[in-house]
Structures are given as structure tokens and as C-alpha cells.
Amino acid sequence: PMDTVTEADMAIGMAQLGGCGFIHYNCTLEEQVKQVKKVKAHKVGFVSNTVVLKPTDTISDLSQVRQVKGVDYAIITETGSLGSKLM
């Protein structure tokens, strides 16, 4: 198996291929904890940390959600809630 110093996204990718990533110590302790939590929360084949927005939400709203939840995607539904019609 391969190992290297990395951040969460690469550590997830390496783990999916049987490797191991080490969060580097150049980050603050808080950032290291955030990176480890992101890796531990990753579920292969599942969307976790689901973000649902309405069609009337703006790019600014999505940017704010990205900063708070740390995700790069959002599901857009008719009412902005799970179970609503996908747009």
C-alpha cells in the first residue's frame, strides 16, 4: 500500500484504492481535526451532509452553505427540502 502526507479529499481517494493518507502537521490542530472528521464521515456510494436549496436561492446562498458545511454541491428541489420534486 501507498502512503503520503495529504488532506482529506486525497486521503479519501487513496483509501478507496487501498492506500493510507496522513494529514500533514503544517495545518493548525483545528484544521487537522476538521480534515480527519471529513475523512471519517465519508461513506462510499452515499451522499452525506446533504444540502438542499430552492430554485430561488442564489449563488451567494450556495457559497455561504459551502463555507458552513464544507460541501461543493447542492440538490435543488421545488421547495428546498428533501422529498420535494427535483428541479
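Here are five short exercises with worked solutions on the structure above.

The model is predicted, so to speak plainly: local features need pLDDT of at least 70, side-chain atom pairs count only at pLDDT 80 or more, and totals for chains, interfaces and linings use all residues. Residues are numbered from 1 along each chain as its sequence is written, and side-chain values use heavy atoms, with hydrogens and water left out.

**Exercise 1. Confidence**

Work out which strand has the lowest confidence and which has the highest.

Step 1: start with the overall figure. The mean pLDDT (the predictor's confidence in each residue, from 0 to 100) is 84 for the protein, and 91% of its residues reach 70 or more.

Step 2: go element by element. Strand E1 (residues 3–6) sits at the bottom with a mean of 72, while strand E3 (residues 52–53) tops the list at 92.

Step 3: keep the usual caution in mind. Where pLDDT is low, the predicted coordinates should not be read in detail.

**Exercise 2. Overall build**

Find the order of helices and strands along the sequence, then decide whether the protein is more spread out or less spread out than a compact globule.

Step 1: count the elements. Helices (H or I, at least four residues) and strands (E, at least two) are DSSP runs, numbered from the N terminus. The protein has three helices and four strands.

Step 2: read them in order. The pattern is β-α-β-α-β-α-β.

Step 3: check the spread. The radius of gyration (taken over C-alpha atoms) is 16 Å, well over the 12 Å that the globule rule (2.2 Å times the number of residues to the power 0.38) gives for 87 residues, so the protein is more spread out than a compact globule.

Step 4: add the box and the burial. Along the principal axes, the C-alpha atoms fill roughly 45 × 25 × 15 Å. Buried residues (under 20% relative accessible area; exposed is over 50%, partly exposed in between, with a 1.4 Å probe and protein chains only) make up 17% of the 87 residues.

Step 5: finish with the surface. By the Shrake-Rupley method with a 1.4 Å probe, the protein exposes about 6700 Å², and carbon and sulfur atoms supply 59% of that.

**Exercise 3. The cysteines**

Explain why Cys27 has no bond to the closest cysteine sulfur.

Step 1: recall the chemistry. A disulfide is a covalent bond between the sulfur atoms of two cysteines.

Step 2: apply the cut-off. With a disulfide taken as a pair of cysteine sulfur atoms within 2.5 Å, the count is zero. Cys20 is in none, and its nearest cysteine sulfur belongs to Cys27, 16 Å away.

Step 3: give the reason. Cys27 goes unbonded because its sulfur is 16 Å from the closest one, in Cys20, which is too far for a bond.

Step 4: compare settings. Cys20 lies in strand E2 (residues 20–23) and is partly exposed at 37% relative accessible area, whereas Cys27 is buried at 14%.

**Exercise 4. Two alanines in helix H1**

Are Ala8 and Ala11 buried or exposed, and what do they touch?

Step 1: place them. Ala8 lies in helix H1 (residues 8–16), and Ala11 is found in H1 too.

Step 2: read the accessibility. Ala8 counts as buried at 1%, and Ala11 is buried at 7%.

Step 3: list contacts (heavy atoms within 4.5 Å), skipping residues up to four places away in sequence. Ala8 touches Ile23, Gln35, Lys38 and Val39; Ala11 touches Thr6, Gly21 and Val39.

Step 4: look at a C-alpha distance for each. Ala8 and Gln32 are 24 residues apart along the chain and 9.1 Å apart in space, while Ala11 and Ile23 are twelve residues apart and separated by 7.9 Å.

**Exercise 5. Thr77 and its polar partners**

Which backbone nitrogens does the side chain of Thr77 reach?

Step 1: locate the residue. Thr77 sits in the segment after strand E4 (75–76) and is buried, at 2% relative accessible area.

Step 2: look for polar contacts (a pair of N or O atoms within 3.5 Å; within protein, one must be able to donate a hydrogen and the other to accept it, and residues adjacent in sequence count only if both atoms are side-chain atoms). A polar side-chain atom of Thr77 lies 2.9 Å from the backbone nitrogen of Gly80, and the side chain also reaches that of Ser81 at 3.1 Å.

Step 3: survey the surroundings. Beyond four places in sequence, Thr77 touches residues including Val52, Leu53, Ser84 and Met87.

Methods. Contact = heavy atoms within 4.5 Å.
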